[in-house]
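Subject: Structure for you to look at

Hello,

Here is the structure I said I would pass on. My notes follow below it.

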Amino acid sequence: MSKLGNWFQKKINISVPSMRETVKAIEKDSNGNFLYLTNFFSPSGDIKNDYNLTLDKDKADSLLVCTPFSTVINKIGSLFANGRIYVTDKDGNEKEEYNDIRKLLSRPNPLQTRAGFFKEIEMSLKLFGYCPIFTVRAAKNSSPLAMYVIPAQIFHMVSSGKLFRQYDIEDIVSRVYLEWNGLQEELSDEDYFVIYDSSAKVNGSNQNIEFSSVTDSLSMPINNWIAAMAASYQLIVNGGPKGIIYSDYTDKMGNQAMTPEEKEILESKLKEKYGILNKFPILTSKIKLGWIPLNYDASQLKLHEEDNRCSRKICNAIGIDYSLFDESKYDNKSIAEKSAYQGLIIPDSEKVSEALTDAICPKGVFIKLDYTHIDCLQKDKSASSSAFQKMASSLIQLVEKGQITLDESRNELAKFIDIDPDNPKGELKTNNSIENGQN
């Protein structure tokens with residue numbers, strides 16, 4: 001597997017040409033405004049602003065150029081990485097003989113710690129709908145010595161053309177290989193396993209098995225955001241909106257040109273007053289001029305609104321509350337984070353735990369990811385205290401009115417606090433003992 005090692009050590013250098021070279025076309029809208037359309041550069045160096053997120057390669061590339069997309073996916077990965085790992089038997093007991101598995105999970109490979117490895121797994125699940133894992137083993141059927149997340153865009157599973165009557169994955173998948181730079185690397189069964197968060201599409205014999213993902217629907221929002229950012233870049237770097245300067249004189253006197261000395265004096269005064277203009281060429285004139293805009297300025301185009309709109313669509317598709325990312329109140333963010341753990345992270349952790357258990361654990365040993373220590377998942381002590389006080393007051397009234405017995409009230413009390421209603425610790429004070437004590 002020497003070629004695979006080269007993949008993980010590979011470094012990609014991206015060169016981005018000047019935006020002036022990215023003008024793709026000039027179009028005219030229904031209002032007669034000219035719009036300068038620009039391309040955006042993909043990580044491979046190709047000019048591109050039309051990502052198709054049904055393709056794994058385009059998903060990976062768009063993650064590197066679309067800031068809202070990267071922000072949401074990375075945040076979900078970071079939340080997932082906060083889980084604590086336990087290796088137990090079927091009864092939940094941790095044992096010393098499981099230390100090799102714990103050591104592997106705490107340091108899956110020389111380049112990653114536990115947190116980085118699990119973050120990358122969750123990001124792959126949310127981005128591609130599945131996560132292939134490469135395992136390094138000393139011998140066939142032995143325990144893995146290391147694990148790497150395989151970039152989904154280079155991972156390929158070829159269908160045998162068989163599906164519904166099969167009960168073994170080997171009968172459905174005829175070949176698995178990695179492909180990059182025109183080279184293909186075959187993988188055997190012990191070289192990999194896959195964690196799934198999507199449905200598989202088997203197209204036919206000798207065709208790649210495809211995996212659907214919620215991000216498949218995000219092509220338009222992401223491409224719109226890239227176009228908006230490219231337009232904003234054009235306006236800022238190249239000096240603002242395009243247009244035509246024309247003579248606005250309507251009298252018979254005509255125009256009076258400035259002398260070179262007058263022009264230099266006027267430009268110097270403008271530079272002193274507006275220092276930022278030193279970055280751009282200045283055209284000055286004392287004659288009466290007009291301006292015909294060929295496109296909108298940034299405020300008219302509302303380019304800034306595309307950022308929030310794209311982020312919201314990404315959050316909605318993935319199933320996470322947008323409040324986690326906006327400038328809202330702390331309480332809103334805390335509720336959004338709690339919702340993310342309960343509705344997204346914890347269900348995903350069960351899928352990952354099951355897949356890891358099946359792939360690297362002997363029979364009877366289980367890997368578990370736990371998030372009960374997370375702050376936002378802790379019980380609200382103030383609310384719990386208030387609820388307990390109301391419940392206790394209600395029980396006292398019911399006992400005093402003779403509607404329930406003391407034992408019955410203790411049975412209800414045991415549902416809220418950790419007590420044994422049949423075996424109280426210490427002396428249990430009844431109404432009679434209290435009255436006798438007072439006498």
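In what sense do strand S4 and S9 pair, and over how many bridges? The model is a predicted one. In it, strand S4, residues 130-137, pairs with S9 in the antiparallel sense, over five bridges. One residue to look up there is Phe134, whose bridge partner in S9 is Tyr192.

These two strands belong to an open sheet of three strands, in the order S5-S4-S9, with antiparallel pairing. Strand S5 (144-149) and strand S9 (192-196) stand at the edges; each has a single partner strand, so one side of each is left without a neighbour in the sheet. From one strand to the next, the twist averages 25 degrees. Helix H5, residues 114-128, packs on the sheet and touches S4, S5 and S9. The direction of H5 makes about 140 degrees with that of S4.

The other item is a pocket. The second largest pocket holds about 660 Å³ of space. It is lined by 26 residues, and the closest to its centre are Ile169, Asp189, Glu190, Tyr192 and Phe193. Tyr192 therefore appears twice in these notes: as the bridge partner of Phe134, and among the residues closest to the centre of this pocket.

Which elements give two or more residues to the lining of the second largest pocket? They are helix H6 (169-172), strand S7 (173-180), S9 and helix H11 (330-360). By type, the lining divides into 14 nonpolar, four polar and eight charged residues.

Regards

Methods
Residues are numbered from 1 along each chain as its sequence is written. This is a predicted model: local features need pLDDT of at least 70, side-chain atom pairs count only at pLDDT 80 or more; totals for chains, interfaces and linings use all residues. Side-chain values use heavy atoms; hydrogens and water are left out. Two strands pair if DSSP finds at least two bridges between them. Helices (H or I, at least four residues) and strands (E, at least two) are DSSP runs, numbered from the N terminus. Axes are lines fitted to C-alpha atoms, for helices over the stretch in contact, and angles run from 0 to 180 degrees between N-to-C directions. Contact means heavy atoms within 4.5 Å. On a 1 Å grid over the protein atoms alone, a cavity is a set of points where a 1.4 Å probe fits but cannot get out, and a pocket is an open set with protein on both sides within 12 Å along at least five of seven lines; lining residues have an atom within 4 Å of a point. Grid points are joined across faces, edges and corners, and a volume is the space filled by probe spheres set on the points. Ala, Val, Leu, Ile, Met, Phe, Trp, Tyr, Cys and Pro count as nonpolar, Asp, Glu, Lys and Arg as charged, and the others, Gly among them, as polar.
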